[in-house]
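This report examines one protein model by its secondary-structure elements and its side-chain contacts. The sequence and the structure are shown first.

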Amino acid sequence: MARKTIQAAGGIVVRGGARPRIAVVQRSKDERWVLPRGKLERGENPARGARREVVEETGHRVKVHEFLGAIIYRARGRPKVVQFWRMQAYERPSRDIMKDIAAVEWLPLAAAVRRLSYPLEKLFLRHVGRRMLKRRRRKTARYKTARHKTARHKTARHKTTRRRKTASRRRAR
């Protein structure tokens, strides 16, 4: 008889602007450092479960972004699938961390990879983390450029309106 697969979900949780930090958590039961994740409840949507687990383990509310991938391994003789999403943490914690977690650290990507206890998670974070941060930088750069163009456009529009008003006042004299 085949044993049922354990379904779990979690997040690569990023906080900060120019120097992003990634959350890693230390479990109380074995003092190992892992990415925030946990088992799904029966019938739970994986993205919602990932958010729930991340909030419980980091104490931070998060915004869930794109699906990043999954890791598969055996846990107590059963296959376990852990799906991960990119998440953006709000700056301040919104609640205490759960008692199963001894500590939460926010580290730069390279330090976060070194801190993780499991080789499979290290490999996953190294691979996905680089791509994720590059994509994040490009989006930030595009946003800044668009914001700059919008500001220039508004200024130009304001100057044009001011010129029209001045011209119409001259004609009215």
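The sections below treat the basis of the model, a helix, the strands and the aromatic side chains.

## Basis of the description

The model is predicted: local features need pLDDT of at least 70, side-chain atom pairs count only at pLDDT 80 or more, and totals for chains, interfaces and linings use all residues. Residues are numbered from 1 along each chain as its sequence is written, and side-chain values use heavy atoms, with hydrogens and water left out.

Helices (H or I, at least four residues) and strands (E, at least two) are DSSP runs, numbered from the N terminus. Buried denotes under 20% relative accessible area, exposed over 50%, and partly exposed in between, with a 1.4 Å probe and protein chains only.

## Helix 1

Helix 1 comprises 13 residues, 46-58. The expected span of a helix is 1.5 Å times one less than its number of residues; for helix 1 this gives 18 Å, in agreement with the 18 Å between its end C-alpha atoms. At the N-terminal end, Asn45 acts as a cap, with a side-chain oxygen 2.8 Å from the backbone nitrogen of Ala47. After the helix comes Gly59, with a positive phi near 80°.

Among the buried residues of helix 1 are Gly49, Ala50, Val54 and Val55. The cover over the buried residues of this helix includes strand 1 (6-15), strand 5 (62-75) and strand 6 (78-89).

## Strand 6 and its partners

Nine of the twelve residues of strand 6 are buried, so this strand is largely enclosed by the rest of the structure. Two strands are taken to pair if DSSP finds at least two bridges between them. Strand 6 runs parallel to strand 1, with nine bridges; Gly10 has Phe84 of strand 6 as its bridge partner. Strand 5 is antiparallel to strand 6 and joined to it by eleven bridges, and Ile71 is bridged to Val82 of strand 6. The hairpin of strands 5 and 6 has two residues between the strands, and Arg76 there adopts a positive phi near 55°.

## Strand 2 and its partners

Strand 2 is likewise described as largely enclosed by the rest of the structure, because six of its seven residues are buried. Its antiparallel pairing with strand 1 has two bridges, and Val14 stands opposite Ile22 of strand 2. In the hairpin between these strands, which has five intervening residues, Gly16 has a positive phi near 105°.

Strand 2 is also antiparallel to strand 7, through six bridges, with Ile101 of strand 7 as the bridge partner of Arg27. Strand 3 (residues 33-34) pairs with strand 2 in the antiparallel sense over two bridges.

## Aromatic pairs

Rings of Phe, Tyr and Trp (its six-membered ring) pair if their centres lie within 6.5 Å; planes under 30 degrees apart count as stacked, over 60 as edge-to-face and the rest as tilted. This rule yields two aromatic pairs. The ring centres of Phe67 and Trp85 are 5.1 Å apart and the planes lie at 70°, so this pair is edge-to-face. Phe67 belongs to strand 5 and Trp85 to strand 6, so the pair ties together parts 18 residues apart in sequence. Phe67 is partly exposed, at 44% relative accessible area, whereas Trp85 is buried, at 10%.

The rings of Phe84 and Phe124 also have centres 5.1 Å apart, but with planes at 35° the pair is tilted. Phe84 in strand 6 is thereby linked to Phe124 in helix 3 (residues 119-172), 40 residues apart. Phe84 is buried, with 0% relative accessibility, and Phe124 is buried at 10%.

Definitions and conventions
Contact means heavy atoms within 4.5 Å. A polar contact is a pair of N or O atoms within 3.5 Å; within protein, one must be able to donate a hydrogen and the other to accept it, and residues adjacent in sequence count only if both atoms are side-chain atoms.
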